[in-house]
Amino acid sequence: MTLQFVKSVVSPPKNNVMQAIEQHKECLQLVKDSYIFEAAHKYTDKDGNTEFYRVRFKQPYTKEKWIRPVYFNGNEWVWKEPEHHEGLKPLYNLQTIAANSTATIWVCEGEWAADQLNKFFKLHNIFGENVATTSGSATSAEAADWTPLKNHKIVIWPDNDDNGGKYSSKVAKILSEQYCQVEIVDVKSLKLPPSGDIVDWLAMNQQATADDFKQLALIPDVPKNEKSLIDFMLSAKNLMKLALAELEYIVFPFITIQSLIMVYAMRGIGKTWFSLQLAISVALGQPFFAWEVPKPRRVLFIDGEMPLKSLQQRLKYLCVDDFPELLNILPSEILWRNGQSLNLNDETDLDAIDEFLVELASTDQAPELIIIDNLSSMTAGTDENGNSEMDTMLRWLLKLRSQGYAVLLVHHAGKNGDQRGGSRREDFLDTSIKLKEASKSTAGSNEVGACFNIEFVKSRGLRPIPDSLKVELSQDEHGFAKWKTEGADILPAYYEALRLIRDCEPKSQKELASLMGISASAVSQQLKSARTKGLLENVVLKLTDKGKVEIDKHYKDFNLLL
C-alpha cells in the first residue's frame, strides 16, 4: 500500500507508526475510497515521551474526515487511546507548552488547526511567545488535562458553528478555574464560512502578518455563575467521599498550606526579626525555633516600611552567607522610588498583587508562604477600629487562602497588648501569635538583642508544643545572629510518634493517630519527616537502628520497665 499525502504535508518516513497505518485494514479501505492521509499527530507528555497518535485521513471531494487514535502497548499497535493518568488525556504540543511558560496559548479545535497556526507563528518568528494547542474535537474539552495551562494567557479560536461556541464556553470555564486570563476570538466578525476555522481564515488571508493577529477582535471571557447555591451543597456522606489532598505543614503544627496567620506585638519588640527568621527557616527547610519545618518552600516577603539598607543588614546578620534561593522580597523603598506603593484596602493595588502572583507562577516562582510586614504601613487611610472598612482586604485574604497560599500578617499591638484595631481581623485567622517583651538573660546584651516570649493566642488546628517560648537574639563570636531559646525541650515533634511506635507497636497510621490524639494527616507529615532523617523504615511502622538509638537516648524504653 502506498499512502497518498496532501501536498502541504511532507511525507513522513516509514517509521513504526506509519507501518501500523499501512497495515491497518480500515486505512487500506480508506485509500481505496480515495481518502488522503494527512497526518499522524503525536501526543506526548511534558518531557516529550510519546503517549499516542491521532491519525487523520480526509476525502478531498466529500470533505469527510476519518480520525482515529493509535498507540504502541509495548507489544503491538492498538487502535484506541491508552489509559491516561487520572483518566485525562494530555494536551496537544504539551512538551512545547511546558518549555514556554510565559507563552500565550491559542486553543483551537483539532490538531490540524493547531499545526497550521503554529506554522504561522514560526513563519513570523513569534513561536514561543505564542503556542497553539488543542484537546482534540469540539466534544473533547472535559476529557483533557488542562492544568499545564495554569496562569497562562489564553486565546480560544472556536469553529464558526454552535459546537464551536459550546467548546469555547467549556474550555473558558475550565481555564478560569486555573487562574488563566481567557479571551475568545470573535469568529462572527471574521466572515468565515459556516463551520469555518483558523485553517479557513489563513487560506482567506494568505498575506496575514503578526500585526493582523494583534488586531483580531477578542471577547474577554467573564465567567458567569450559572449554578444556584444548592448545586454547591454536599451531604456529610458525600463530603467524606471527596479525595482531598493531605494537609501539609509549612511549620509544624501551626502553619499549614492555605492558612491565615497573624503575629503582633508592641513597637520595638522584634516583629520583623521574628518574620524574617520565619521566612529564612521556611525557605531553607530548617527548624523555626522549637518547631519543625518539614521541607524547604518558596516564600515571598512583602515589606511595607523598612529602608532597603536595614533589610540588607538584617538578612546578612541572620543568614551570614547562606541566603535562601527560595526567598523573594518585594521592598517598599524600591516601590516608592518608582512612584508606587501598596495599600491593602485599595482594590487596584490588590489586583496588582494578584497579577504579580500570576507572573511569579508563570516563571515557577509561586510562593507557598506570603509574609506581609506590616498591616499598619500597608493600610493607609483606613480606620483601624472600623470593622467594615476591612472588608476589601479580608475578602482578598480569603481568596488567597482558597488559591492555596498561606499568608502571615505582621501587625502592631494596642495599648492593652492585644492586636490593634477592629477585632474582626482575628475572626478570619487560623493562628494568632503574640510577642511579649521578655527580660534579657545575656549579660551586657548587645544593641541588636531582641528578646520576647512567643505566645499562641489562637490556634484552629493542633496546639503547638511548646505553646509558649522565650527567644533571645544575641551575637556569636563572629558578630552574627545567634538565637537562644528557653522553655522547651527542643526535640522535633515526630520524636513522640517514634517513641510510641517503639513502645506501643501500632499496626497502622490510624492507630498511631489515635494514640497521639492528632489527625491522621498530621501523623503522616511527621512520619514523612522521620523517614527523611533515616529514623523510620520506608514502608512499615518500625524504627531503623539509627532511629532506635536516637529515641532510646531521649526516652526510657517503656518495655524495659515492665
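This report describes a predicted model of one protein chain, covering its confidence, its two sheets, its largest pocket and some backbone details.

## Confidence of the model

Because the model is predicted, it is useful to begin with its confidence scores. The mean pLDDT of the chain is 85, and 89% of the residues score at least 70. Residues 7-14 form a stretch in which pLDDT stays under 50, and for this stretch the model has 11 contacts beyond four places in sequence. Where pLDDT is low, the predicted coordinates should not be read in detail.

## The four-stranded sheet

One open sheet is formed by four strands in the order β1-β2-β3-β4, with antiparallel pairing. Its edges are β1, residues 36-44, and β4, residues 77-78, each of which pairs on one side only. Strand β3, which spans residues 65-72, runs antiparallel to β4 and is joined to it by two bridges; F72 has W77 of β4 as its bridge partner.

Two helices pack on this sheet. Helix α2, made of residues 25-32, touches β2 (50-58) and β3, and its direction makes about 150° with that of β3. Helix α4, by contrast, touches β1 and β2, and its direction makes about 85° with that of β1.

## The five-stranded sheet

A second open sheet has five strands in the order β6-β5-β7-β8-β9, and its pairing is mixed. The edge strands here are β6, covering 130-134, and β9, covering 218-220, and each of them pairs on one side only. From one strand to the next, the twist averages 30°. Strands of a sheet pair through backbone hydrogen bonds, either parallel or antiparallel.

The pairs can be followed across the sheet. Strand β5, residues 104-108, pairs with β6 in the parallel sense over five bridges, and C108 has T134 in β6 as its bridge partner. Three bridges join β5 to β7, and these strands also run parallel; in this region I105 stands opposite I154 of β7. Strands β7 and β8 run parallel as well, joined by four bridges, with I184 in β8 as the bridge partner of I156.

## Helices against the five-stranded sheet

Helix α4, residues 111-123, packs on the five-stranded sheet, where it touches β5 and β6, and its direction makes about 175° with that of β6. Since α4 also packs on the four-stranded sheet, touching β1 and β2 there, this helix has contacts with strands of both sheets.

Helix α5, residues 162-176, lies across β5, β6, β7 (153-156) and β8 (181-185), and runs at about 170° to β8.

## The largest pocket

How many residues line the largest pocket? The lining has 42 residues, and those nearest the centre of the pocket are N151, Q178, Y179, C180 and V358. The volume of this pocket is about 1,800 Å³. By residue class, the lining divides into 16 nonpolar, 13 polar and 13 charged residues.

Several elements contribute to the lining: α3 (94-99), β8, α12 (347-362) and α13 (391-402) each supply at least two residues. The largest share, eight residues, comes from α12. Strand β8 is thus named twice in this account, as a supplier of lining residues and as a strand of the five-stranded sheet.

## Backbone details in the loops

Two peptide bonds in the model are described here as cis. One joins F252 and P253, with omega about 0°, and P253 lies in the loop between β10 (249-251) and β11 (255-256). The other runs from D373 to N374, with omega near 10°; N374 is placed in the loop between β15, residues 369-373, and α13, a helix that also supplies residues to the lining of the largest pocket.

A further detail concerns N125, a residue other than glycine whose phi is positive, near 60°. N125 is found in the loop between α4 and β6, and thus between a helix that packs on the five-stranded sheet and one of the edge strands of that sheet.

Technical notes: Residues are numbered from 1 along each chain as its sequence is written. This is a predicted model: local features need pLDDT of at least 70, side-chain atom pairs count only at pLDDT 80 or more; totals for chains, interfaces and linings use all residues. Side-chain values use heavy atoms; hydrogens and water are left out. Two strands pair if DSSP finds at least two bridges between them. Axes are lines fitted to C-alpha atoms, for helices over the stretch in contact, and angles run from 0 to 180 degrees between N-to-C directions. Contact means heavy atoms within 4.5 Å. On a 1 Å grid over the protein atoms alone, a cavity is a set of points where a 1.4 Å probe fits but cannot get out, and a pocket is an open set with protein on both sides within 12 Å along at least five of seven lines; lining residues have an atom within 4 Å of a point. Grid points are joined across faces, edges and corners, and a volume is the space filled by probe spheres set on the points. Ala, Val, Leu, Ile, Met, Phe, Trp, Tyr, Cys and Pro count as nonpolar, Asp, Glu, Lys and Arg as charged, and the others, Gly among them, as polar. pLDDT is the predictor's confidence in each residue, from 0 to 100.
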